[in-house]
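Biologist: Please walk me through how to read a few features of a model. Keep it brisk.

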Amino acid sequence: MSHLEKDAFGAKLGMWLFLFTEILLFGGVFLLYSVYLAKYPKEFGLGGKQLDLVYGATNTVVLLTSSLFAAMSVTAIKRGAKKATLSLLTGTIGCAFIFLFIKYLEWSAKIHHGIYPNSPKLIEGPPGESIFFGLYYLTTGLHGIHVIIGSVLMAWTAVMVQREVLHAGDNVTLENVTLYWHLVDLVWIFIFPLYYLIL
Amino acid sequence: MSQETATAEGGFWSDSGKTGIGSWIFSTDHKRIGLMYLYCVLSFFMVGVLLGVLIRLELIAPGPTIVTAQTYNALFTVHGVVMIFLFIIPGIPASFGNLVLPIQLGARDVAFPRVNLFSWWLYVIGAVIVLVSLFTGGGAPDTGWTFYVPFSARTTTNVSLAVFGVFILGFSSILTGINFVTTIHRMRAPGMTWTRIPLFTWSLYATAWVQILATPIIAITLLLVVTERILGLGLFDPSRGGDPIMFQHMFWIYSHPAVYIMILPGMGVISDIIPVFSRKPIFGYKMIAFSSLAIAAAGSAVWGHHMYTSGMSDLGVMVFSFLTFLVAIPSAIKVFNWVSTMYKGSISLEAPMLFALSFILLFSIGGLSGLILGAASTDIHVHDTHFVVGHFHYVMFGGTGFAFFAAAHYWLPKYFGRRYEEKPAIIGWVLMFIGFNVLYFTMQVLGMEGMPRRYYDYLPEFARLNFVATVGSWIMVAGILIVLWNLWRGLLKGEPFTGNPWGGATLEWSIPTPPPTENFEEDPVVTHGPYDFKGAGVP
């Protein structure tokens, strides 16, 4: 591979390897989840019932929609439709903000009820419950940070599309950022059933 | 490092047209990044050596000697953190890997030059954070480099910042790994088939996979320690229903494979040096390449052997013991192949070869003592004693450290266009080798006799051997200083190094010395293997 031509395949290969490390990062949390679920099945069940299914489900829909927009933006830039690409990227970022806002409502409701790390209520409660909510805050918090990073990357690519650094002929950066966004979505697809649904 | 002297040499030192510090710290040239890593890791190595000498000095006699118990705890913690995360993990892959890998593949740079520069910046930022953590907050961390909970979650020393610094260093390591894997897959010159890749690059390929697959686990584990300290989630706190053993599992799921991040590149260096200085093609090329991958794979499944005494089912102990023994097979394949390569070779005992030969001996001692620790019955006797300390210093320093110096003598003249003097190099090597064995073999004996590791004080019956070990550390340090001084002086002012004086057949010896910025004027076409000396036209 000569250094003169831009290697889009190589760039995507690198991105996939990086996404792999992100999966492993969250894998660590899911590992803890599985061990402690085996240890405290009853408390995890009770904890799960206290989470708000409406918030969780809405957020799932919002995030899936954002991923759809992101995927469509890749098709749009390949067609050379700059305007459509930009509005689709804006849509993705908008969905990210809605997601974070709902997360904020959800967390503040929980904190209002005295459920937060190291809170007196959790310390006095059964140990498994405190572990469940510890993991809940940890996982959704880590995921939330990834949503923020993803939004910043999306905004940055939007600027590059605007300036036509990224265009139909060279769009691998947009594709890579979109891949990252799909990963953020994918992780949520695991978080939602594990914490909100099956327990 | 004086750049004026160096830029007079031509090649990549000068032909980018820019000078000054900015042309280095913002350079995306893999050779400049490799050298910057080299300067950094060597500086931290010296810091680590100094701390190690202080530890040995404290242990020279029973009772308080030079520092308080709390300072002693900080000393061995910081010695471990600096040596592991700042020197030995990035040591060979980030410095010599960056210098050599693209050229060995016939590429003009790595796949992502800007990411490469970003990794170096992350390394520096992480290192600065680690260093800042020593002098701020509640003082230097005193947990041991393993940051075991529950102590690390409770101690008032500055663990959070140190752990955060290590987290950033891990990110740097991941990015380097991704860069190397992509480079090896996508940037090979025409004709550079998988069986023509030099074994150093092969070992970096295996290393890079371990970096990618293992480092995220330490990242999340370290984040968990920080959240435990700041938020008090209680995930590892038994009083809240957590399990401290979970921390040990997650920590070693990374940190045991990380041992192979440390040793595999060293093995790669040796695989490149032995055939060149034996004037013979390497014996069993494919098996050496394959064994690197096998070590990387098997080494990822043996973390449990760190926890035989922490409470584990007998079945678990047996499984981990079996898997641990498996790693010995590919390691032994390499050792036998290096020895077979030398058989009936025309061996020239120059400095790189001497370091390579001592690598084989010291690594073998380290590996065999590893088997004593891998077997549960003997491990329970020597667990957490000085035997363990001696063992891993044989592997880490006797292995990787000596390989690092072998690589420095072998490759650095290529990049500086000047070479060191042979005689002081050999004197330094002799002192290092003798001091090393006096120091660490004594430690293994001490451990067998029951002296625990990490202890500030010890019983009078250990006094004599501790004294011997401390004297060994002085001899070794004298050797290290001579070697470094000789390298530094030689590379700046030594006699010119041109052409292919070692007679290597890998691609880096086919380009000018020092290499130009673009490495190759036109993309090379590879027609022979890396150890096919006749094919490369080496007499």
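**Rings, cavities and buried residues**

Modeller: The charged end of B:Arg419 sits over the ring of B:Tyr420, 5.0 Å from the ring centre. The rule asks for NZ of Lys or CZ of Arg within 6 Å of the ring centre and within 35 degrees of the ring normal. B:Arg32 has its charged end over the ring of B:Trp24, 4.7 Å from the centre.

Biologist: What ground rules apply?

Modeller: This is a predicted model, so local features need pLDDT of at least 70 and side-chain atom pairs pLDDT 80 or more, while totals for chains, interfaces and linings use all residues. Residues are numbered from 1 along each chain as written, chains are lettered from A and ligands numbered from 1 in the order written, and side-chain values use heavy atoms, without hydrogens or water.

Biologist: How many aromatic pairs are there over all chains?

Modeller: A pair of aromatic rings is described by the distance of the centres and the angle of the planes. Rings of Phe, Tyr and Trp (its six-membered ring) pair if their centres lie within 6.5 Å; planes under 30 degrees apart are stacked, over 60 edge-to-face, the rest tilted. The count is 66 over all chains. One of them joins B:Phe402 and B:Phe436, edge-to-face, at 5.6 Å centre to centre and 80° between the planes. B:Phe402 lies in helix α14 (residues 386-416) and B:Phe436 in helix α15 (residues 422-449), both of chain B, so the pair ties together parts 34 residues apart in sequence. Helices are DSSP runs (H or I, at least four residues), numbered from the N terminus.

Biologist: Are B:Phe402 and B:Phe436 buried or exposed?

Modeller: Both are buried. That means under 20% relative accessible area; exposed is over 50%, and partly exposed is in between (1.4 Å probe, protein chains only).

Biologist: Where does B:Thr77 lie?

Modeller: In helix α4 of chain B. B:Thr77 is buried, at 1% relative accessible area. Leaving out residues up to four places away in sequence, B:Thr77 touches B:Pro141, B:Asp142, B:Thr143, B:Gly144 and B:Trp145. Contact means heavy atoms within 4.5 Å.

Biologist: And A:Gly45: which helix holds this residue?

Modeller: Helix α2 (residues 41-50) of chain A. A:Gly45 counts as buried at 11% relative accessibility. Its C-alpha atom is separated by 9.9 Å from that of A:Gly128, 83 residues apart along the chain.

Terms used
Helix = DSSP H or I, 4+ residues; strand = E, 2+ residues; numbered from the N terminus.
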